Amino acid sequence: YDAVIIGAGVIGTSIATELSRHGWRTLNVDKLSGVGLGSTSYSSGILRMTYSVLDSVKFAWEGYHYWQSWEDHIGVEDEKGLAQLRSCGQVIIRSAESEAFITKTLACFDKLGLPYEMWDNAELQRRLGFDLTSYAPPRRIDDDSFGEPNGREVDGAVYFPTAGYISDPQLACHNLQTAALATGRAEFAFGQSVVEVTREAGRASGVRLADGTVISAGVVVNAAGPHSSAINALAFPDPAENDMRIATRPMRQEVSYVPSPPEIDWSDGGAGMVVTDPDTGVYWRPEVGGKILCGTVEPPCDASFHRYPEDPESVYPGGAESSLTEQWTNQVYRAALRMPTLPLPDSANTQGVVACYDVSDDWTPIYDGSALPGYYMAIGTSGNQFKNCGVAGRLMRELITAREAGQDLDAHPLQLALERVPGCGTIDTAAFSRLRTSHSSANNVMG
């Protein structure tokens with residue numbers, strides 16, 4: 001093989017699609033039984049451009065336009081159908097909790113000439129019927145001050161018309177696998193665990209599987225999601241050889257599903273939209289069937305309750321950490337502060353999923369080579385990179401091709417030309433380097 005890609009989630013399959021379309025023979029190896037069955041299938045699938053780092057905004061804007069022309073990007077028929085973009089827009093509630101993030105985000109939007117609208121409280125209430133009370137800072141429900149107003153109202157919201165979601169992330173992954181297989185140069189091996197990244201002549205030469213099989217390849221790509229840090233440990237048995245300045249680790253996450261409030265239509269095509277509410281500490285979006293999907297924006301009050309499992313598989317069905325916890329309740333009750341008529345299911349009717357994210361120290365992904373020639377990383381992508389899978393595949397293909405041709409991308413980072421958004425120029429991939437200093441971002445899933 002020209003490349004063995006460890007992982008068959010949405011990032012790994014996108015890399016396979018890009019490389020195989022450009023003549024590479026690829027093999028994706030995944031320990032699960034099919035594509036997109038790990039963190040991809042539990043993604044919230046939100047497509048937004050709202051980041052506090054300029055190159056992340058550019059990257060997400062480029063990525064969104066892949067979804068707008070998804071059928072053209074896939075280019076072949078998938079018997080399961082194609083993932084559908086549901087365009088609904090996004091609002092970020094303005095209050096003291098969000099002002100720093102919004103200021104940085106709008107500076108990026110202004111620099112790029114991207115659209116947004118400022119909503120006052122009257123418009124916010126007219127459009128979404130929200131309670132305008134400010135409850136910041138976010139608190140957990142066992143805090144005696146939970147739900148107590150702080151004496152102010154929120155300061156309206158910022159509306160971003162270019163945003164939406166994909167309701168079936170696993171289908172999107174299957175679409176990418178279908179596109180890769182259609183080249184005749186891509187293969188997939190499921191139910192296989194990598195136990196060694198092999199070396200020859202001072203560079204990565206392939207992988208060894210748990211059953212003893214050795215697979216030789218010109219390059220090895222770590223796209224292993226929440227297993228990425230474990231794969232890096234295999235690539236660098238001596239940690240002193242690893243020059244990464246940014247690390248990744250698995251992080252347990254819960255997403256809640258609840259019925260939508262009766263006065264607002266949250267069904268497909270209704271008034272509902274992606275909402276980010278740092279004032280209460282949660283985000284939510286419409287879900288198929290008129291429900292709402294709700295998650296956390298990682299407020300400080302939750303930090304001591306974060307879990308970083310040694311075994312990412314423990315959070316999936318049947319695992320020791322697979323059950324919903326009080327985090328589900330905290331997320332739903334915080335959302336209910338903004339939507340007081342939100343139906344609250346009893347304990348017997350809770351719905352949600354538990355998953356494992358692959359998060360970096362600064363919540364910005366690593367798309368880069370490494371100190372080991374021939375070993376590449378597309379990691380730290382969970383939580384906010386599903387939306388970018390199309391452009392991430394192209395970035396990795398161009399990065400791998402350039403490094404293998406002898407370019408020193410550590411000294412002279414790749415400048416990725418933007419193809420989908422005329423006039424926006426390039427993305428400096430130093431923003432995603434393993435050697436970067438930690439970004440001054442939101443330091444949570446918001447980026």
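I start with a term: two strands pair if DSSP finds at least two bridges between them. The model I am reading is predicted.

**Entry 1: the eight-stranded sheet**

I looked up E14 and E17 first. They pair in the antiparallel sense, over four bridges. I noted one bridge: Ser256 has Cys294 in E17 as its partner.

Next I traced the sheet. It is open, has eight strands and mixed pairing, and its order is E6-E7-E5-E15-E16-E17-E14-E18. I marked the edges. Strand E6 (117-119) and strand E18 (351-360) each pair on one side only. From one strand to the next, the twist averages 25°.

Then I went along the pairs. Strand E16 (residues 282-287) runs antiparallel to strand E17 (residues 291-296), and six bridges link them. Within this pair, Tyr283 stands opposite Gly295 in E17.

**Entry 2: E14 and E18**

I stayed with strand E14 (residues 248-259). How many bridges pair it with E18? I found ten, in the antiparallel sense. Glu254 stands opposite Val354 in E18. Gln253 has Ala355 in E18 as its bridge partner.

Is E14 mostly covered or mostly open? It is mostly covered, with ten of its twelve residues buried. I checked E18 as well. Seven of its ten residues are buried, so E18 is largely enclosed by the rest of the structure.

**Entry 3: helices on this sheet**

I looked for helices next. Helix H4 (residues 99-112) packs on the sheet and touches strand E5 (90-93), E6 and strand E7 (157-160). The direction of H4 makes about 35° with that of E7. Helix H5 (residues 121-128) lies across E5, E6, E7 and strand E15 (274-277). H5 runs at about 90° to E6.

**Entry 4: the six-stranded sheet**

I turned to another open sheet. Its six strands follow the order E9-E2-E1-E13-E20-E19, and the pairing is mixed. Which strands sit at the edges? They are strand E9 (186-190) and strand E19 (366-368), each pairing on one side only. Here the twist averages 20° from one strand to the next.

I picked out one pair. Strand E1 (residues 3-6) and strand E13 (residues 219-222) run parallel and are joined by four bridges. Ile5 has Val221 in E13 as its bridge partner. I also found a helix here. Helix H7 (residues 228-235) lies across E1, E13 and strand E20 (375-379), at about 165° to E20.

**Entry 5: nonpolar cores**

I recalled a general point: in soluble globular proteins, nonpolar side chains tend to be buried together. I then looked up the largest nonpolar core, which has 64 residues. Ile15, Phe59, Trp67, Tyr367 and Met396 have the most contacts inside it. Which helix gives the largest share of this core? Helix H9 (residues 389-404) does, with eight residues.

I followed Trp67 further. Leaving out residues up to four places away in sequence, Trp67 touches Leu47, Ala83, Leu85, Ile166, Ala172, Phe386, Lys387 and Cys389. Apart from the largest core lies another, of 38 residues. Among them are Ala157, Tyr159, Tyr165 and Tyr283. I had met Tyr283 before, opposite Gly295.

**Entry 6: the cavity**

I searched for enclosed space last. The structure holds one cavity of 30 Å³ or more. The largest cavity has about 50 Å³ of space. I listed part of its lining: it includes Tyr135, Pro137, Pro138, Arg139, Ser145 and Phe146. Asp279, Thr280, Arg334 and Leu337 are also among the lining residues.

Methods. Residues numbered from 1 in each chain as written. Predicted model: local features only at pLDDT ≥ 70, side-chain atom pairs only at ≥ 80, totals over all residues. Heavy atoms only, no water. Helix = DSSP H or I, 4+ residues; strand = E, 2+ residues; numbered from the N terminus. Axes fitted to C-alpha atoms, helices over the stretch in contact; angles between N-to-C directions. Contact = heavy atoms within 4.5 Å. Core = buried A, V, L, I, M, F, W, Y, C linked by side-chain atoms within 4.5 Å. Buried < 20%, exposed > 50% of the residue type's maximum accessible area, 1.4 Å probe, protein only. 1 Å grid on protein atoms, 1.4 Å probe; cavity = no way out; pocket = protein on both sides within 12 Å on 5 of 7 lines; lining within 4 Å. Points joined across faces, edges and corners; volume = space filled by probe spheres on them.
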